Structures are given as structure tokens and as C-alpha cells.
Amino acid sequence: IAKKYNCTMHTYKLLTFIGLNVLISACGSTTKSNFSIKTNSETNIISNAETLSIELLNPNNRDFDSIQLTLDTKIITASVDLSAIPLGEKLIKAKVFYDDTFEVALKKVVVVNAKPPKIYTYEIVNTYAHDITSYTQGLEFYKGDLYESTGQYGESKLRKLDYKNGSVVKNVDLSSSYFGEGLSVLNDKIYQLTWKEGRGLVYDVNSFEQIETFNYGQSKEGWGLCNDGQKFYKSDGSEYLWFLNPKTLAEEGSLQAYTNKGKLTNLNELEWVDGKIYANRYQKDGIAIINPENGAIEAVIDFKALKTKVTKHQGLDVLNGMAYNPKTKTLFVTGKRWDKLFEVKIIEN
């Protein structure tokens, strides 16, 4: 790199992205570091059942006073039990102090789940009518009622459904400038995402009156949304799930979804089910069951056969839309422009 950079967050992000072991001077230009980091994984991919061992390499035998090690923002020692560490890409940072200055060596590691996902199956309990024109994006039960968000510019809607007869009880059309996405209901408010507009919409659950909006943070797009009664989880089409404060709707952290092999991207519609996050992957026929504590994909369900049971037509699209009914302990599943809504019982094999 020819030109010099000031010690700014931009420089730090650039170095982090490149992922090299580099020197960050206390307030100067970047040069080759005297130090580098070595781990006990040659591929820098390690499971959460292992212990991460970190070694500081000092090929120039440079004298130094002390070292501070961090994994992302957490201070660590040279030996880290990964069982309680959230999965995903992590940044090891070694800050080496000497002669009233310091150098920083960086290294990326990826923590994956130790176990492969289990394979769950399902049993169809009931089949109901569903509006064949609905480009379903979000589906959720609240106090026994079923709410739906639909997408496409000029077609997006918020609806309350009578799922037993397939009728629409309440309907609000979104502005044609909005592409509706996932929704979730908490404390008598409906929270509906939009896709690329960077904005969420909030409604009164009884009147369907829009009462406020909120902006996104680092998650640039809106895909899926669910809540555990305490906070929201938001997907943006990547492997990330973002934590949203229920009062301010500000992003207050994130989780990365990983299997034993790597990250799971295209996370879309979300649903909170008995302490787990169910996530459908866009353009896929299955649902992943995610541990909200560490992002581990604990199980998957293949719903490919459901699409064969709906009416074939030109606008028929992929599986999308699921809602858990806590009263019946069943999951309701549909798709974009499907004419059927399936009530299924999940079977843990």
C-alpha cells in the first residue's frame, strides 16, 4: 500500500477485512509487523467443541513488555474454551506493548458447530385455503389471530386472516414505494419490515393504524423478523441475525448462523418456536432450526413435498411464510402465491 493512513476506524475496518497480520502503530502509517499470530488450526476453522490455542510469533526476537489478547471485543488468554463462544467469523487481536508504543497483529478464525444438524420430519395435520395472489413474506400468530405480510412493489399488504376459511379480516395496502417483508407482533404492535427501503413500519394491532417507523442500522435490508417476548431478531439475507431493542428498534448485536461445515446464508422468514429460531432460506425448500445463544443450526426440516400439493400456475413461487401456534403446538407453513396453508406437526427423529 503506497499511501499512508491516519489511525481511523476506516483504516481498522480495512485491515480487519483484509485479515492479514499487520502492524497498527500508535498513530502512524501501516508497516510490516514484528509479530504475527498462529493458532492450533492450520485452516483457521475450528469447532466449538475444541479449545483454541493462540501463539504469538516473534521472528525478530523483539523485546516487549506485555500482550493483550482479544477475540472480537472479549479479552482472552492464550487458551480459549470455545463451547460458550457464539459461532462464526472471529477476529483475534494481539496488542503487543514495548518502548511506550505498541503493535497489533490480527488473525481471523471461523468457529463452526461441532455437530451436524439433525434431520426432522413433519406430519400434515390440516390444510386450509390461502389467497393465491399473496406474495407471502411474513406470517405470525398473536393472541390466536394470524397476521400476514406480503411483498412486491405495488402489491405489498398487511393482513389479518381467518385462516380456517381463508378470508381476509383486515387489510392495509402499503405505499407502492415499499416492498413488504417479514413481520412480528409484540405488545399489541405489529412490526413490518420493508426490503431495500431501510425502514420498518409499526402499526396498532387493533386498528391497523400506522403509528411510527424505524430505520435499520448495519443490516441494510429487511427480510425476516421474529421476537422472543424480550427482543426482536431480524434477518437481512445473509448469515446474520440482528438483535433489535423492542423499545428503540436499534440494533444491539448480532448472531451468525453456522453448521458444522460453514455459514448458512439467505436467511429469510423467521419464527420463534419454543426457545429456538426457525428460519427459512430464500429459494430453498427447507427450514433451519437455530440456537439463539450461539447461532448453531441444530436441525433442518425438508418441506419440498408441500409445493407439489398446491395449484400450479405461472406466478407460483418458493416456500415462504411460517407461523407457530402455541395453542396447538403446530406450525403453519405456506409459500409465495400458494393457494394452500399447511398446518404441520414437527417430528424430531
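Let's start with one pair: S53 has S79 in β6 as its bridge partner. S53 sits in a predicted model, where local features need pLDDT of at least 70, side-chain atom pairs count only at pLDDT 80 or more, and totals for chains, interfaces and linings use all residues. Residues are numbered from 1 along each chain as its sequence is written, and side-chain values use heavy atoms, with hydrogens and water left out.

Stay with that pairing. β3 and strand β6, residues 79-81, are antiparallel and share three bridges. Strands here are DSSP runs (E, at least two residues), helices are H or I runs of at least four, and numbering goes from the N terminus. Two strands pair if DSSP finds at least two bridges between them. β3 itself covers residues 51-57, and four bridges join it to β1, residues 36-39, again antiparallel. On that side, I37 stands opposite L56 in β3.

Now the whole chain. The count is one helix and 28 strands. The C-alpha trace spans about 75 × 45 × 35 Å along its principal axes. Of the 349 residues, 49% are buried. Buried means under 20% relative accessible area, exposed means over 50%, and partly exposed is in between, with a 1.4 Å probe and protein chains only. Take contacts with a separation of 6 or more: residues 24 or more positions apart account for 53% of them. A contact means heavy atoms within 4.5 Å.

Charge next. There are 42 positive and 42 negative side chains, and the centres of the two sets lie 3 Å apart. Lys and Arg count as positive, Asp and Glu as negative; His and the chain ends are left out. Each charge is placed at NZ of Lys, CZ of Arg, CG of Asp or CD of Glu.

Next, β15. How many of the six residues in strand β15 are buried? Five of them, across residues 189-194, so mostly covered is a fair description by the cut-off of under 20%. β15 pairs with two strands that I will take in turn. With β14, residues 180-186, β15 is antiparallel over five bridges. L186 stands opposite K189 there. That hairpin has two residues between the strands, and N187 takes a positive phi near 50 degrees. With β16, residues 199-204, β15 is also antiparallel over five bridges. Y191 faces V202 in that pairing. Four residues separate β15 and β16 in their hairpin, and G198 in the turn has a positive phi of about 70 degrees.

On to two loop residues. Most residues other than glycine have a negative phi. Q283 has a positive one, near 70 degrees. Q283 lies in the loop between β23 (276-281) and β24 (286-290). R337 also has a positive phi, near 60 degrees. R337 is in the loop between β27 (330-335) and β28 (340-347). Are they buried or exposed? Q283 is partly exposed, at 47% relative accessible area. R337 counts as buried, because its relative accessibility is 17%.

Last stop, T259. T259 is in the loop between β21 (251-256) and β22 (267-273). T259 counts as buried, because its relative accessibility is 13%. What is T259 in contact with, leaving aside neighbours within four places in sequence? V112, N113, P117 and I297. Finally, a polar atom of the T259 side chain lies 3.0 Å from the backbone nitrogen of K261.

Methods: Polar contact = N/O pair within 3.5 Å; in protein donor to acceptor, adjacent residues only side chain to side chain.
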